[in-house]
Amino acid sequence: MKRRNFIKSMMAVSAVAVTPVALMAKEEAKAKKKGPNDMTVEAAIKAITGGTDVKKSDIIKLTVPEIAENGAVVPVKVQVDHPMEESNYVKAIHVLNTKNGNARCVDVMLTPANGKGYFATRIKLSSTQEVVALVELSNGTFIKATKSVKVTIGGCG
Amino acid sequence: MAEARKSMIKIKPKKYKTGDIVKVDFIVIHPMDTGLVKDKKTGKIKPAHYIDNITFSFDGKPFTTMKVWETVSTNPYFSVNFKVPGKGKITVDYTDNTGEKNSKSKKLKPKD
């Protein structure tokens, strides 16, 4: 019994002693890490829209997994139910995230030749966060759809 | 840098007619380094190396352009739709942030 108690107490002590240091080290490492083009979501959306209002819309169908076990590969699919005619079409699809260092993933500029507003890719997510699909229509209006993704293992190093 | 990257264009479905809307999938083998990851062997941080521009064109006319950041996964995959206007060639040109340029093309043969 003595030995058991001793080990228990040791574990408790070590846990108390180690965790704050380890946490601090992690936070420092996070603060130091900076990508080549870091940007927050707000800044990214402003850079894309130029300050225009963005409305939530049902015509965007954003497909992402609810739980992503591997954050390095998260499939994203965006479908926009909107006609693709010469004068009225989906001009651009922007895929954004909310918590990565760089909030922008892909900007896709479409033309009426595409036939449908559709785009699919795979992105990296560092932690549990939201994926944003920001769609620009040819008349200059912006619409968006968001969906949250639970990430078990981060994929940004 | 002169070494050509492995890349692939897939048209889905396999059988299509003029006027059909097909899926054009483009896959390329690329590390897509973010500039945050340490090399396990040397312990040094790998410099950022990612694809930044992609252009899909049909017979020389671009129909989709993309601006890509390092947030996209390793060996990226991009898929767009395309309305087949007839026989021709789809070309995908891509550049990365180190100035590497590559392209890949595939013939479109609609069955009428």
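Leaving aside its neighbours within four places in sequence, which residues is B:Asn75 in contact with?

## Around B:Asn75

This is a predicted model, and here is what it shows for that residue. B:Asn75 touches A:Arg122 over in chain A, plus B:Val28, B:Ile29, B:His30 and B:Met32 from chain B, once neighbours within four places in sequence are set aside.

As for where it sits, look in chain B at the loop that runs between strand 4 (61–68) and strand 5 (77–83): that's the home of B:Asn75. B:Asn75 and B:Pro31 are 44 residues apart along the chain, yet their C-alpha atoms are separated by 6.3 Å. B:Asn75 counts as partly exposed because its relative accessibility is 28%, which falls between the 20% and 50% cut-offs.

## A positive patch

Now for the surface charge. Three lysines of chain A, namely A:Lys61, A:Lys77 and A:Lys147, join B:Lys23 in a patch of positive charge on the surface.

Take A:Lys61 as one of the group. You'll find A:Lys61 in strand 2 of chain A, which covers residues 60–63. With a relative accessible area of 51%, A:Lys61 makes it into the exposed class, since the bar is over 50%.

## Chain A as a whole

Stepping back, chain A is built from two helices and nine strands. Follow the sequence along and the pattern reads α-α-β-β-β-β-β-β-β-β-β.

Chain A has 157 residues, and 39% of them count as buried. Its accessible surface comes to about 9,200 Å², with 58% belonging to carbon and sulfur atoms. As for contacts in chain A between residues at least 6 apart in sequence, 65% join residues at least 24 apart.

Key:
Residues are numbered from 1 along each chain as its sequence is written. Chains are lettered from A and ligands numbered from 1 in the order in which they are written. This is a predicted model: local features need pLDDT of at least 70, side-chain atom pairs count only at pLDDT 80 or more; totals for chains, interfaces and linings use all residues. Side-chain values use heavy atoms; hydrogens and water are left out. Patches are made of residues with over 30% relative accessible area and no salt bridge: like charges are joined within 9 Å, nonpolar side chains (Val, Leu, Ile, Met, Phe, Trp, Tyr) within 5 Å. Accessible areas come from the Shrake-Rupley method with a 1.4 Å probe; for residues, only the protein chains shown count as cover. A salt bridge is a side-chain nitrogen of Lys or Arg within 4 Å of a carboxyl oxygen of Asp or Glu. Lys and Arg count as positive and Asp and Glu as negative; His and the chain ends are not counted. The place of a charge is taken as NZ of Lys, CZ of Arg, CG of Asp or CD of Glu. Helices (H or I, at least four residues) and strands (E, at least two) are DSSP runs, numbered from the N terminus. Buried means under 20% relative accessible area, exposed over 50%, partly exposed in between (1.4 Å probe, protein chains only). Contact means heavy atoms within 4.5 Å.
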